[in-house]
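This report describes the internal spaces of one protein chain, the helix that borders one of them, and several individual residues. Please consult the sequence and the model alongside the text.

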Amino acid sequence: MDTVTESQRTLYPYVTGSSVVAIKYKDGILMAADMGGSYGSTLRYKSVERLKPIGKHSLLGASGEISDFQEIMRYLDELILIDNMWDDGNSLGPKEVHNYLTRVMYNRRNKFNPLWNSLVLGGVKKGQKYLGTVSMIGVNYEDNHVATGLGNHLARPILRDEWNENLTFEEGVKLLEKCMRVLLYRDRSAVNKIQISKITEEGATVYPPFSLKTYWEFSAFKNPTVGAEGSW
């Protein structure tokens with residue numbers, strides 16, 4: 001007797017990555033993410049790389065389900081391979097790759113089998129800087145600075161106040177570190193092992209991980225329930 005296999009769906013993410021924060025700066029795009037991989041609420045993995053160069057002109061950062069991100073990387077490897085096989089002197093830019101990702105995410109959402117990620121895609125081609133994001137259901141936009149996950153709530157207000165288009169590399173890194181520090185304080189899934197990457201006309205660089213200097217002696221950290229007696 002034939003057994004009919006039930007179709008498999010990602011009903012809930014298993015191992016997830018936290019926020020990605022990205023900005024345009026004077027020479028290109030800067031992106032930051034931590035290296036934590038959470039199994040539910042357990043910080044299970046501490047060395048998950050979530051920032052990846054794509055082709056010659058693009059850089060991808062991902063929040064959400066790590067295995068789905070690996071699947072997206074397989075799609076993109078194939079896309080870049082086919083693009084290279086044409087050997088026509090042209091190569092896919094960040095706008096094309098972002099466009100492709102919006103179609104993939106929306107297509108999977110329509111099949112009720114989404115890739116459980118929020119993606120950030122930045123790059124530079126022919127002097128044009130590009131930065132966009134796409135959610136697990138295909139919602140997408142471009143902006144001068146983007147963030148996924150809790151970063152969208154905690155990091156973007158800082159970026160709206162302090163970002164400008166003429167930031168140097170050093171100023172951009174400092175601004176991203178400020179955002180990642182706030183996330184480290186306030187996001188339970190964040191881990192103090194940060195990766196920063198940049199992409200310019202010359203190509204992409206992913207820097208080695210580092211830890212942020214933190215200060216935990218704030219009075220609100222020491223006694224978080226003051227003024228809220230009787231709460232948990």
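Helix α5 (residues 169-186) contributes the most to the lining of the largest cavity, with three residues. The structure is a predicted model, in which local features need pLDDT of at least 70 and side-chain atom pairs count only at pLDDT 80 or more, while totals for chains, interfaces and linings use all residues. Residues are numbered from 1 along each chain as its sequence is written, and side-chain values use heavy atoms, with hydrogens and water left out.

**The cavity and helix α5**

On a 1 Å grid over the protein atoms alone, a cavity is a set of points where a 1.4 Å probe fits but cannot get out; a pocket is an open set with protein on both sides within 12 Å along at least five of seven lines; lining residues have an atom within 4 Å of a point. Grid points are joined across faces, edges and corners, and a volume is the space filled by probe spheres set on the points. Rolling a probe the size of a water molecule over the atoms shows where empty space is left.

One cavity of 30 Å³ or more is present in the structure. The volume of the largest cavity is about 50 Å³. Its lining is formed by Ser18, Ser19, Asp34, Met180, Leu183, Leu184, Asp187, Ala190, Val191 and Ile194. By class, this lining of the largest cavity comprises six nonpolar, two polar and two charged residues. Here Ala, Val, Leu, Ile, Met, Phe, Trp, Tyr, Cys and Pro count as nonpolar, Asp, Glu, Lys and Arg as charged, and the others, Gly among them, as polar.

Helices (H or I, at least four residues) and strands (E, at least two) are DSSP runs, numbered from the N terminus. The end C-alpha atoms of α5 are 26 Å apart, which agrees with the 26 Å that its 18 residues should span at 1.5 Å a residue; the expected span is 1.5 Å times one less than the number of residues. Buried residues of α5 include Met180, Leu183 and Leu184, together with Gly172, Val173, Leu175, Leu176, Cys179 and Tyr185. Buried means under 20% relative accessible area, exposed over 50%, and partly exposed in between (1.4 Å probe, protein chains only). The cover over the buried residues of α5 includes β2 (20-25), β3 (28-34), α3 (151-154), α4 (156-162), β12 (194-200) and α6 (219-222).

**The chain and its largest pocket**

The chain has six helices and 13 strands. Of its 232 residues, 44% are buried. Among contacts with a separation of 6 or more, 63% join residues 24 or more positions apart, where contact means heavy atoms within 4.5 Å.

The largest pocket holds about 580 Å³ of space. It is lined by 29 residues, of which Gly17, Ser63, Gly64, Ser118 and Gly149 are the closest to its centre. Two or more lining residues come from each of β1 (15-17), β7 (58-65), β8 (117-125) and β9 (128-134). The lining of the largest pocket divides into ten nonpolar, 17 polar and two charged residues.

**Individual residues**

The table sets out the location and accessibility of selected residues.

| Residue | Location | Relative accessible area |
|---|---|---|
| Phe112 | loop between α2 and β8 | 69%, exposed |
| Pro114 | loop between α2 (94-110) and β8 | 12%, buried |
| Lys126 | loop between β8 and β9 | 72%, exposed |
| Gln70 | helix α1 (residues 66-86) | 44%, partly exposed |
| Lys56 | loop between β6 (51-54) and β7 | 58%, exposed |

Most residues other than glycine have a negative phi. Phe112, although not a glycine, has a positive phi of about 55 degrees. Lys126 is likewise not a glycine and has a positive phi of about 55 degrees.

Pro114 contacts Thr10, Asp68, Arg108, Arg109 and Met136, leaving aside neighbours within four places in sequence. Its C-alpha atom is separated by 22 Å from that of Ser189, 75 residues apart along the chain. Lys56 touches Ser91, Ile199 and Gly203, residues up to four places away in sequence not being counted. Between the C-alpha atoms of Lys56 and Ile80, 24 residues apart along the chain, the separation is 9.2 Å. Gln70 and Arg50, 20 residues apart in sequence, are 9.6 Å apart in space, C-alpha to C-alpha.
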